[in-house]
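Hi there,

As promised, here is the structure I have been looking through. My notes follow below it, so you can read them with the model open.

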Amino acid sequence: MNARIIGTGSYLPERVVHNTELEKLMDTTDEWIRERTGIEQRHYAAEGETTVDMAEHAARRAIEAAGLAPGDIDLIVFATATPDLVFPNCGTLLQARLGCTGAPAFSVEAACSGFIYALSIADKFVRAGEAKRALVVGAETLTRITDFTDRTTAILFADGAGAVVLAASEEPGILSTQLHADGSYKDLLYCTGGVSKGYPPDSGNRAVIRMAGRETFKVAVTMLGNSVDEVLAKNGLPKSAINWLVPHQANIRIIQAVARKLDLPMERVIVTVQDHGNTSAASVPLALDTGVRDGRIRKGDLILLEAFGGGFTWGAALVRM
Ligand code: COA
């Protein structure tokens, strides 16, 4: 049995923040942000709008696109680093809203690689016959852990949600997923506090993202390059078989480096970073939904998803749509 993606959905909060608005808040320029990152604008959640609020919109759209009703869902795997509550987990909060109670629902925390991790887990449930229609979500309110006094990170991160529905199928779907982590890099990209460790003095019980950008960039390019090679080799497929690259949207220069590695022209890459910024676990399903809804990604296409994030964690998935 295979797991096929039969529906995608996404949601972006209403408020759009252009680079020019950030120019007024910090010592930065629209030109610097565009040149170094490719980002032009991003979306910020409204006050009180939570990760699960956004996930609910994305999930309902994915379920509708799949031609299903919420009650058909028998597994929820929810990737986020910015949960509404410590517990219940976001998967169960979403389940209560959708009304598909009884089935397993849980969260996965692997920072920006969260969606690839969640997809890989859900794929295994379906292949093992333990789920038939799984909802896989990536959603984040990163602005709640953004330090707006740190221009090196504040320009990057944003909010949003994306989701897919996986269905058991005899046709090929998710061909394989390759996950990796190297915790020895934990100090290059992290959040400054948490429930168990506590919060830094004078932080007002608020944790924020810290990143060594240049070092993170180098490791990301190397590991993502290795990952895409690995997933193709595992499936015995050449680079030329790929129809679309759907990458994590952290920085246009990282995306271009991976595309070069795959000998793929940028016309074959779904790029949303200019409009969405880095939405962490939401970024890959947001980009996937964009490509599906605007008609570029079609049934039968071979797509390669990849992501890299804090930990470090990284991974890739090769999917027949
Ligand atoms: N506006 C203007 N100048 C800025 C700035 C900003 N927002 N942020 C940093 N700068 C300055 C730096 O202070 C530095 O100045 P200096 O040369 O006087 O010291 C200069 O710009 C270059 O900084 P550097 O950090 O070398 O820039 P960069 O080209 O590496 O770009 C990132 C910075 C963060 C955009 C880039 O490193 C990056 O994208 N890293 C990986 C991000 C990533 O993928 N993270 C998440 C993984 S999920």
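**The two sheets and the ligand site**

Strand 6 (residues 133-141) runs antiparallel to strand 7 (residues 159-169), and the two are joined over 9 bridges. Before going further, please keep in mind that this is a predicted model. Within the same pairing, Arg-133 has Ala-167 of strand 7 as its bridge partner.

These two strands belong to an open sheet of 5 strands, ordered 1-7-6-4-5, with mixed pairing. Its edges are strand 1 (2-11) and strand 5 (105-108), each of which pairs on one side only. On average, neighbouring strands here are turned by 20 degrees against each other, direction ignored.

Two helices lie across this sheet. Helix 3 (residues 51-65) crosses strand 1, strand 4 (75-79), strand 6 and strand 7, and runs at about 125 degrees to strand 1. Helix 10 (residues 283-293) lies across strand 1, strand 6 and strand 7, and its angle to strand 1 is about 90 degrees.

Now to the other sheet I looked at. It is open as well, with 4 strands in the order 8-13-12-11 and mixed pairing. Strand 8 (174-181) and strand 11 (244-247) are the edge strands; each has a single partner strand, so one side of each has no neighbour in the sheet. The average turn between neighbouring strands of this sheet is 10 degrees, direction ignored.

Strand 8 pairs with strand 13 (residues 313-320) in the antiparallel sense, over 7 bridges. If you want a place to start looking, Ala-181 stands opposite Thr-313 of strand 13. Helix 5 (residues 114-127) lies across strand 8, strand 12 and strand 13, at about 130 degrees to strand 8. Helix 7 also packs on this sheet, where it touches strand 8, strand 12 and strand 13, and its direction makes about 145 degrees with that of strand 12.

**Around the ligand**

Which elements supply the shell around the ligand? At least two residues each come from helix 2 (30-37), helix 6 (151-154), helix 7 (213-234), helix 8 (252-261) and strand 12 (302-309). Helix 7 gives the largest share, with 4 residues. So helix 7 and strand 12 turn up twice in these notes: they touch each other in the sheet packing, and both contribute to the ligand shell.The ligand is surrounded by 23 residues, and the closest are Thr-28, Arg-36, Arg-151, Arg-214 and Asn-251. By character, the shell divides into 9 nonpolar, 9 polar and 5 charged residues.

A few atom pairs may be useful to you. The side chain of Thr-28 places an N or O atom 2.7 Å from a nitrogen atom of the ligand. For Trp-32, a side-chain N or O atom is 3.3 Å from an oxygen atom of the ligand. Arg-151 takes part through its backbone, with an N or O atom 3.0 Å from a ligand nitrogen atom. The protein covers 77% of the 960 Å² of accessible area that the ligand has on its own.

**One loop residue**

Finally, have a look at Gly-193, in the loop between strand 9 (189-191) and strand 10 (209-211). Beyond its neighbours within four places in sequence, Gly-193 is in contact with Gly-198, Tyr-199, Pro-200 and Ala-207. Gly-193 and Glu-170 are 23 residues apart in sequence, and their C-alpha atoms are 45 Å apart in space.

Best wishes

Technical notes. Residues numbered from 1 in each chain as written. Predicted model: local features only at pLDDT ≥ 70, side-chain atom pairs only at ≥ 80, totals over all residues. Heavy atoms only, no water. Near = heavy atom within 4 Å. Polar contact = N/O pair within 3.5 Å; in protein donor to acceptor, adjacent residues only side chain to side chain. Areas by Shrake-Rupley, 256 points an atom, 1.4 Å probe, with all protein chains shown as cover. Nonpolar A, V, L, I, M, F, W, Y, C, P; charged D, E, K, R; others polar. Pairing = 2+ DSSP bridges. Axes fitted to C-alpha atoms, helices over the stretch in contact; angles between N-to-C directions. Contact = heavy atoms within 4.5 Å.
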